[in-house]
Amino acid sequence: MRCVFILIFSLGLFVPFATAQTDRVPLFNEHPASISNTVTRDIDFRSHKDARMFRTRLREALRGGVNFAGRYIVATWGCGTGCVSGAVIEARTGKVFFPKELSPFIAGNYYDDDDKPIEYRRNSSLLILDGAAGTGNEVDEPSFGKYYLVWKGNRFEQLRFEPRQDQR
């Protein structure tokens with residue numbers, strides 16, 4: 001009986017802490033990535049059907065070097081007023097990924113000049129989008145807010161979404 005009481009008491013102390021962690025905002029340093037010094041000479045345009053269409057933007061991003069998750073390059077470009085689209089390049093192989101969250105990413109018309117619609121770090125696999133991620137043409141009413149995404153090798157996994165209260 002005493003063991004059961006101790007177990008229930010212990011779980012009662014642990015559960016609130018475990019629950020609170022899911023409500024926390026993810027931080028860059030919680031998703032570390034080892035930085036690679038690999039230099040790729042060119043993009044593998046055969047790796048994705050849309051890579052050739054954006055070859056100029058992809059090559060420009062490649063020249064900038066690794067800027068995300070240790071060995072990846074985030075490439076972005078405008079796709080209209082308040083719209084950003086992009087891809088992720090694996091620096092070792094030149095392979096291109098077009099994650100749905102960046103295709104397109106609606107960033108605009110409700111930002112202050114100092115707001116950053118997309119944030120990422122060279123030494124972290126966390127990427128933060130502030131806007132409406134992956135809206136494309138298939139979504140009629142996008143969800144505006146902050147998307148906390150972590151890169152899992154060839155795709156993003158959503159960790160958290162904070163809806164924007166003042167959608168415009």
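This is a short talk about the fold, the strand pairings and the salt bridges of one protein chain.

Hi everyone, and thanks for coming. Before we start, please keep in mind that what you see above is a predicted model.

Let's begin with the overall plan. The protein chain has two helices and eight strands. If you walk along from the N terminus, both helices come before the strands, in the order α-α-β-β-β-β-β-β-β-β. Of the 168 residues, 39% are buried. The accessible surface is about 10500 Å², and carbon and sulfur atoms supply 51% of that. And here is a number about folding back: among contacts with a separation of 6 or more, 48% are between residues 24 or more positions apart.

Now to the strands. Take β1, residues 72-78. Is it enclosed or open? Five of its seven residues are buried, so the rest of the structure largely encloses β1. Its partner is β2, residues 83-90; the two run antiparallel and are joined by seven bridges. If you want a landmark, find Ala75, which sits opposite Ala87 of β2. Together β1 and β2 make a hairpin, with four residues between the strands. In that turn, look for Gly80, which has a positive phi of about 130 degrees.

Further along, there is an open sheet of four strands, ordered β5-β6-β7-β8, with antiparallel pairing. Which strands stand at the edges? They are β5 (118-120) and β8 (156-163); each has a single partner strand, so one side of each lacks a neighbour in the sheet. From one strand to the next, the twist averages 15 degrees. Within this sheet, β7 (residues 145-151) pairs with β8 over seven bridges, again in the antiparallel sense. Here the landmark is Val150, opposite Glu157 in β8. One handy thing to remember as you look: side chains in a regular strand alternate between the two faces of the sheet.

Let's visit the loops too. Ser36 is in the loop between α1 (2-23) and α2 (55-64). Its relative accessibility is 11%, and buried means under 20%, so Ser36 counts as buried. Beyond its neighbours within four places in sequence, Ser36 touches Val66, Gly70, Arg71, Arg92 and Arg122. Next, Ala69 belongs to the loop between α2 and β1. Ala69 has a phi near 50 degrees, which is positive although the residue is not glycine. Ala69 is also buried, at a relative accessible area of 9%.

Last topic: salt bridges. Side chains of opposite charge can pair when their charged atoms come close. How many salt bridges does the whole structure hold? The search finds nine. One of them joins Arg71 and Glu90, at 2.7 Å from N to O. Arg71 is in the loop between α2 and β1 while Glu90 is in β2, so this pair ties together parts 19 residues apart in sequence. The two partners sit in different surroundings: Arg71 is partly exposed at 27%, whereas Glu90 is buried at 6%.

A second salt bridge links Asp130 and Arg164, with 3.8 Å from N to O. Asp130 is in strand β6 (residues 126-131) and Arg164 in the segment after β8, so here the parts tied together are 34 residues apart. Both Asp130 and Arg164 are buried. A third one, at 3.0 Å, is formed by Arg160 and Glu162, and Glu162 is partly exposed at 24%.

That's my tour. Thanks for listening!

Key:
Residues are numbered from 1 along each chain as its sequence is written. This is a predicted model: local features need pLDDT of at least 70, side-chain atom pairs count only at pLDDT 80 or more; totals for chains, interfaces and linings use all residues. Side-chain values use heavy atoms; hydrogens and water are left out. Buried means under 20% relative accessible area, exposed over 50%, partly exposed in between (1.4 Å probe, protein chains only). Two strands pair if DSSP finds at least two bridges between them. Axes are lines fitted to C-alpha atoms, for helices over the stretch in contact, and angles run from 0 to 180 degrees between N-to-C directions. Contact means heavy atoms within 4.5 Å. Accessible areas come from the Shrake-Rupley method with a 1.4 Å probe; for residues, only the protein chains shown count as cover. A salt bridge is a side-chain nitrogen of Lys or Arg within 4 Å of a carboxyl oxygen of Asp or Glu.
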